[in-house]
Amino acid sequence: MTVVLKIPYDASIVESHRRGASKGPDALQKELGERGVWKDVEIDEGDFANTLEIIRKTAKKEYDKNNFVIGLGGDHSISYGLVKAFLEKHPKGGLIVFDAHFDCMDNFYPPTHEDWLRVLIEKDKFSQILLLGARKSHKIEREFAKSVKLYVKEPKLEAIKDFIKDFKEIYVSIDIDVLDSKYAPGTGWPEKGGISPEKAKKLLEFLKKSGKVKGMDLVEFSPPRDVNNITNKVAVSLLSGFF
């Protein structure tokens, strides 16, 4: 069974004018319709560390029932709790992240959307990660990625094939800004030079057919920043193959 967790949290985004991803889950549900079983995840606005723990526990319960879990954000920080739950169920699993950014600025806990991947690597000692589509980064992030030998690759089928061959279970995290901003303007940090929805769908279709994807999320879709609902429709097209 596919269980969709709605996680309307974007408070880790310091720049308030870039927020809006908290409205993503409701907008995506409206566009997706009745597919899957939908659950609202409780948000503790005053304690993000507690929110992350709630996210982890909620997702872990569904993994323990052998359900396929899709998390909908919200900003990318929520992926930390979701991935932690996945790794409790599949400790030898791998993580594929589609993102325009490295999300490795600081080892800061609870992690923000800019830190969650670094915290996962340093605090949780997890390194089985493939980062696809990253094209905007700070020197701090590039140096960190180099120091831990983070796999940062172009979003191509060959990179995915080479990575997943060593794993039985894969988690996929999709930041909508991996797409070129002309296809996905509805996000806090739209970046030019990204991939097209068609290419993203082909890569995701391959992952789906591999049978190895056991959990996933889609984050950083911000309805208030969208144009004519195009980002919402594109996001749904990426998710649809997993229902």
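**Exercise 1. Place Asn-229 in the chain and describe its backbone and its exposure.**

Solution. In this predicted model, Asn-229 sits in the loop between β8 (213-219) and α8. Its phi is near 65 degrees, a positive value in a residue other than glycine. Most residues other than glycine have a negative phi. The relative accessible area of Asn-229 is 31%. Partly exposed covers the range between 20% and 50%, so Asn-229 is partly exposed.

**Exercise 2. Find where Lys-125 lies and decide whether Lys-125 is buried or exposed.**

Solution. Lys-125 belongs to the loop between α4 and β5 (129-132). Phi of Lys-125 is near 55 degrees, again a positive value in a residue other than glycine. The relative accessibility of Lys-125 is 70%. The cut-off for exposed is over 50%, so Lys-125 counts as exposed.

**Exercise 3. Describe how helix α8 is covered and which elements its buried residues pack against.**

Solution. Start with the count: 7 of the 10 residues of α8 are buried, which makes the helix mostly covered. Next come the names: Thr-231, Asn-232, Val-234, Ala-235, Val-236, Leu-238 and Leu-239 are the buried residues of α8. Last come the partners. The buried residues of α8 pack against the helices α1 (24-32) and α7 (197-210), and against the strands β3, β7 (170-175) and β8.

**Exercise 4. Describe the largest nonpolar core and name its residues with the most contacts inside it.**

Solution. The largest nonpolar core has 39 residues. Those with the most contacts inside this core are Ile-96, Phe-98, Ile-160, Val-172, Leu-179, Leu-207 and Leu-218. Helix α8, residues 230-239, gives the most to this core, with 5 residues. Another core, of 36 residues, lies apart from it; Phe-48, Leu-52, Leu-82 and Trp-116 are among its residues.

Now take Phe-98 and leave aside its neighbours within four places in sequence. Phe-98 is then in contact with Leu-132, Ile-160, Val-172, Ser-173, Ile-174, Asp-175, Val-178, Leu-203, Leu-204 and Leu-207.

**Exercise 5. Locate the cis peptide bonds from Gly-73 to Gly-74 and from Tyr-109 to Pro-110.**

Solution. Most peptide bonds are trans. The bond from Gly-73 to Gly-74 is cis, with omega near 20 degrees. Gly-74 is in the loop between β3 (68-73) and α3 (78-89). The bond from Tyr-109 to Pro-110 is also cis, with omega near -5 degrees. Pro-110 is in the loop between β4 (94-98) and α4 (116-122).

**Exercise 6. Describe the protein chain as a whole, beginning with its secondary structure.**

Solution. The protein chain has 8 helices and 8 strands. Its radius of gyration is 16 Å, close to the 18 Å that the globule rule gives for 243 residues, so the chain is as compact as a globular protein of that length. The C-alpha trace spans about 40 × 40 × 40 Å along its principal axes.

Turn to burial and contacts. Of the 243 residues, 55% are buried. Among contacts with a separation of 6 or more, 76% join residues 24 or more positions apart.

Finish with surface and charge. The accessible surface comes to about 10800 Å², and 49% of it belongs to carbon and sulfur atoms. There are 40 positive and 38 negative side chains, and the centres of the two sets lie 6 Å apart.

Key: Residues numbered from 1 in each chain as written. Predicted model: local features only at pLDDT ≥ 70, side-chain atom pairs only at ≥ 80, totals over all residues. Heavy atoms only, no water. Helix = DSSP H or I, 4+ residues; strand = E, 2+ residues; numbered from the N terminus. Rg over C-alpha atoms; globule rule 2.2 N^0.38 Å. Buried < 20%, exposed > 50% of the residue type's maximum accessible area, 1.4 Å probe, protein only. Contact = heavy atoms within 4.5 Å. Areas by Shrake-Rupley, 256 points an atom, 1.4 Å probe, with all protein chains shown as cover. Lys, Arg positive; Asp, Glu negative; His and termini not counted. Charge placed at Lys NZ, Arg CZ, Asp CG, Glu CD. Core = buried A, V, L, I, M, F, W, Y, C linked by side-chain atoms within 4.5 Å.
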